[in-house]
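Got a model open and wondering what to ask about it? Let's go through some questions together.

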Amino acid sequence: MSNVISELIEELSRGPRSRAVLSRVFSVCGDSILDLSRRGTTIKMVIKPGCLRAALENIYKEHDLYFRTMAASDERFKEGLTKLYYVFGIDSEGTNIVFEVPVVNGIKVDTISDLFRASDWYELEAHDLLGVEFNGRPLRRLVLPEDWPEELYPLRKDVSVDDVKKVYQPQVVSRISELGVEEVVRIPVGPYHPALHEPEYFELYVRGEKVVDAKYVGFMVHRGIEKLAESMKYDQVPFLAERICGICGFVHSTSYVQAVEDALEIEVPERAHFIRSIVLEVERLHSHLLWLGVALHLLGYDTGFMHAWRIREKVMVLAELLTGSRKTYGIDLVGGVKKDIDKDKIPKVKETLSLLKKEFKELVEVAISVPQVKARLTGTGILPRGEARAYSLVGPTVRGSGLARDVRKDYTYAAYHYVSFKVPVYTEGDNLARTLVRVDEVFESISIIEQLIDMLPSGPIRAEKWEPQPMRLGIGAVEAPRGEVVHVVLTDLYGPYRWRVRAPTYQNLQAVPIMLRGVDLADAPLTIASIDPCFSCTDRAIIINLRSGSINTLPIEVISRRVSKDG
Amino acid sequence: MVKFLKMLSISVREGTATRKYPFESPLVTPEFRGKIEVDPVKCVGCGACTRICPPKALTLSYENNEATLKYFVGRCIFCGMCAYVCPQKAITISKEFELATWELEDLYDETTHTTVKCRICGKPFTTVKFANEIRRRIENKVPEDLLNVCPECRKKLATRKIGSRVVGVSGE
Amino acid sequence: MLSFLPPLLDGIERKIRAKIQSRFGPPTPLQTWYDLLKLSVKELKIPLSCESAAFLTMLSLIVALFSLYAVVYATLTLTTNIDFMVLAMFLVLVAASHSLSLAASATTSNPFALVGSYRNVLLTILNELGLIVGSFSSLILGLKLATHYSISTLVAYLLSLAILVVATYVSSGRLPFDIHEAEPELASGTLIEFSGKILAFYIYSHLLTRYVLSLLVAIALVAPLITFFSSFLLVFSVSLVFSTFSYLAYGVVATLLGRTRVDIGVKTLFTYYLLVLIVLVIFTWIGI
């Protein structure tokens, strides 16, 4: 029996690292392994819940595993149990290792959040939305609001959207009339605050000007997208995915179609890969320019903000020319794309890119030389490399702290293996490092687009035919401007059975309290903005334990506390 | 130190980037996707667009012996999938985006077709144009007495035929 | 009549800033007046604890108006013999106006407004000293230059002008020193507490003070040239021109810079004043 499995491990491993991991898990868990298979770059191991923790106990440090995402899926009507899919990645090999853990109802799963700190939120989310119980850790509401009724798990298959509407009426609605806000002006600390761009709630605990700790509650824009997609068809979901985020929508739709194509092994024509890569890079350009403008605005340098967005406008027009819309491009379909790049558009593309290069270089030189900008970016909001690694952070946040992680290189997809480009990495870990990473990425993106345009192959832009198969697991990952986006899809006959979206800000928000400690209050907004948060993508909550635990030592009372005491 | 003064020369060179919309025409490229137009002549009422429309802005309903294709701009996300899948190429994507109005009725566009009734149960199940289009596309290879029967009745007919062969019960 | 000028200048400054930022800005330079008028007809919604702040704001406005008149009077009566009483009264009025605004902002209970106010206190205290020293010495030295010209006096005058220009710039609450309005994401500072008429008065007194400061710089610039002017009216018109120029020049500088952080700002300001003061003292000592 064990010989069969070791042979299987030999056969399925994609390199020394994956072999080491699989052998290690096998030696610890042996009989608890129920299945082992591989498709493409993903190795899947079905393992009993009792052994998962033991298997992962030492793996992290020894074998360079990066925790990418975890999806919980309700399969009680198919196989009688709930399943947890833990996705780990081996960057150096570009391999995904998925641990599929079947959980019979009522059984508690051991937590791995102390081994892989990044898994904290995923376990809470599985508990909130599907009712999975975890041993060895405190459980609290993460995704759902505090007044959500018990025993109502929205992502379960037997809960319909109408059921939820009947049972839950947000208490906020009745609170507003209770407060009678006509006589008194109260300034809410969130989630709707005139200075905030997206609904979020930050509480910064300050002593004088230094931030001691941070509390963040999110999920105000939780729209139930994953549940909605379960009632849609395959080719309708990319349009829903695109609307997950108003800045990085295309990466979500591409990630979704890649996950389905991975699951069903669909051959996507080369031209479609190229078109997708070009549009992805165009999106990266617009996103970084947007971020630069916002960062300069937070520093008070509005002139830089205006000029950055003036330059960005050219990118938006380019996007409209290539795809038909300034932001919600709507060109992704399972198996390819639906809009081609005609020959007569190419000179315009090249012209825009060269203009962009010149103007952006000029802008960055001027903006960084403004004394206030330089002084406030340098040395603030430091993220140490060790923390970045431990929390499995992604994107420019982690590349500014010395870790060279980029999905385009590590788990290459679309047409990126045809082009040569650098992944900019800076080691200081402060706000300036993250800024410079993004600046360099803009120039790299311009170069990538130029290479892709020159190499564009002819041919169809969509796969001719493909057959849906039920219950296949697919993973699609894309390097969004903010970091790694991972989608996990379980297929069904007409649409996805389960779709799990993991946006980069979900991972990166956990780093914000670390970056905020010891920072001046004035730099807090900039530090938060330096991870380029996209709360619409994220909708997660993080509550950090206060070091002191008491509120009396705070010099400034937060108004929201007064409200809750009175009300 | 004084490099930031260069900003002045940049602004002088770039001038004003603002377009005086609505007093000036907006910047719209030839590729822009706006509201769709359904050609009532080419449309056969097959409903392919209604099946792919992600927000269900296009709906096909059968009432009063008519099939009505309703397009509700309020739900439309301007993705263009309807134009992409229409087998008759009856849907064109216009560049219209200034769609705000005070009257909700302005946001509904309708195309109606006459329906074909099932000869067995009498329920309307498809449109005359669609049935003719199918006849044309499959070059009259399907017998007429199946073309005017609705899917439920067709299932019953087929079952009875199989049943009659197996059990010997006489069918229709 | 002059009281009409500050919001107009603010409107022009906004247009210039927009030009530098490649956009149109307000449709007319009179926009700030339209804004103030619109605010004054809007309903008043302020926190209960803010009534004292409202009172203080009104007081500060009155003081600002008085200081304007004082400065105009000083200009009109500027001769080679400086009337120290007028100068002292003027400076007291400016300082009072600032402290009243500060007091107004400190009386709120909103933590965000308080954050801005505490920062403002630090900066203002440091800056008032610079303002007093700068204005006194530039006026005295300027007038001295008009009668007895010497290289050392000229250098000392220029140095005191350097202090005065920076002090008035910081006092005018522009970028990089608009810290009392603090960060956009935190939305703090006094402006978020007021609404309607009170806000209109607050903004107007703020703009008045800005203009008065520019007028101060103008007078300091006119002082050495006083002997060339035959009539007081000429002195007044030239001061007007200089003050407009200095107001708008400040606006352009503000557009090109970012916002400083309160600790950096205080440190930079302090170092700058100290250095210039030391050099100034040395020169005066040499001159004597």
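Q: What radius of gyration does chain B have?
A: Start with a yardstick: the radius of gyration is taken over C-alpha atoms, and the globule rule is 2.2 Å times the number of residues to the power 0.38. For 172 residues, a compact globule would come out near 16 Å. The C-alpha atoms here fill a box of roughly 100 × 40 × 25 Å along the principal axes. Chain B itself has a radius of gyration of 26 Å.

Q: How far can we lean on this, and where does residue numbering start?
A: It's a predicted model, in which local features need pLDDT of at least 70, side-chain atom pairs count only at pLDDT 80 or more, and totals for chains, interfaces and linings use all residues. Side-chain values use heavy atoms, leaving out hydrogens and water, while chains are lettered from A and ligands numbered from 1 in the order written, and residues in each chain are numbered along the sequence from 1.

Q: Which pattern of helices and strands does chain B follow along its sequence?
A: Helices (H or I, at least four residues) and strands (E, at least two) are DSSP runs, numbered from the N terminus. Chain B has 6 helices and 6 strands. Read along the sequence, they go α-β-α-β-β-α-β-β-β-α-α-α.

Q: How many strands are there in chain C?
A: Reading along chain C gives α-α-α-α-α-α-α-α-α. That pattern goes with 9 helices, and the number of strands is 0.

Q: What percentage of the residues of chain C count as buried?
A: Buried means under 20% relative accessible area, exposed over 50%, and partly exposed in between (1.4 Å probe, protein chains only). In chain B, buried residues make up 35% of the 172. For the 288 residues of chain C, the value is 56%.

Q: Is R68(A) buried or exposed?
A: R68(A) sits in strand β3 (residues 66-75) of chain A. Leaving out residues up to four places away in sequence, R68(A) touches several others, including F88(A), Y122(A), E484(A) and R502(A); contact here means heavy atoms within 4.5 Å. Because its relative accessibility is 1%, R68(A) counts as buried.

Q: Which three residues of chain A supply 20% of the area it buries against chain B?
A: In this pairing, 33 residues of chain A are in contact with 25 residues of chain B. The two chains bury about 2500 Å² between them, where buried area is the accessible area (1.4 Å probe) that two parts lose on being put together, summed over both. More than any other three, the residues supplying that 20% of chain A's share are E320(A), K338(A) and E362(A).

Q: Which peptide bond is cis, with omega near 5°?
A: Look in the loop between α1 (6-14) and β1 (36-38) of chain B, where P22(B) is found. The cis bond runs from Y21(B) to P22(B).

Q: Why does N64(B) count as exposed?
A: N64(B) is in the loop between β2 (58-63) and β3 (66-72) of chain B. Its phi is positive, near 55°, though the residue is other than glycine. N64(B) counts as exposed because its relative accessibility is 69%.

Q: What relative accessibility does M471(A) have?
A: M471(A) lies in the loop between α18 (431-455) and β12 (473-480) of chain A. M471(A) is not a glycine, yet its phi is positive, about 55°. M471(A) counts as partly exposed because its relative accessibility is 26%.
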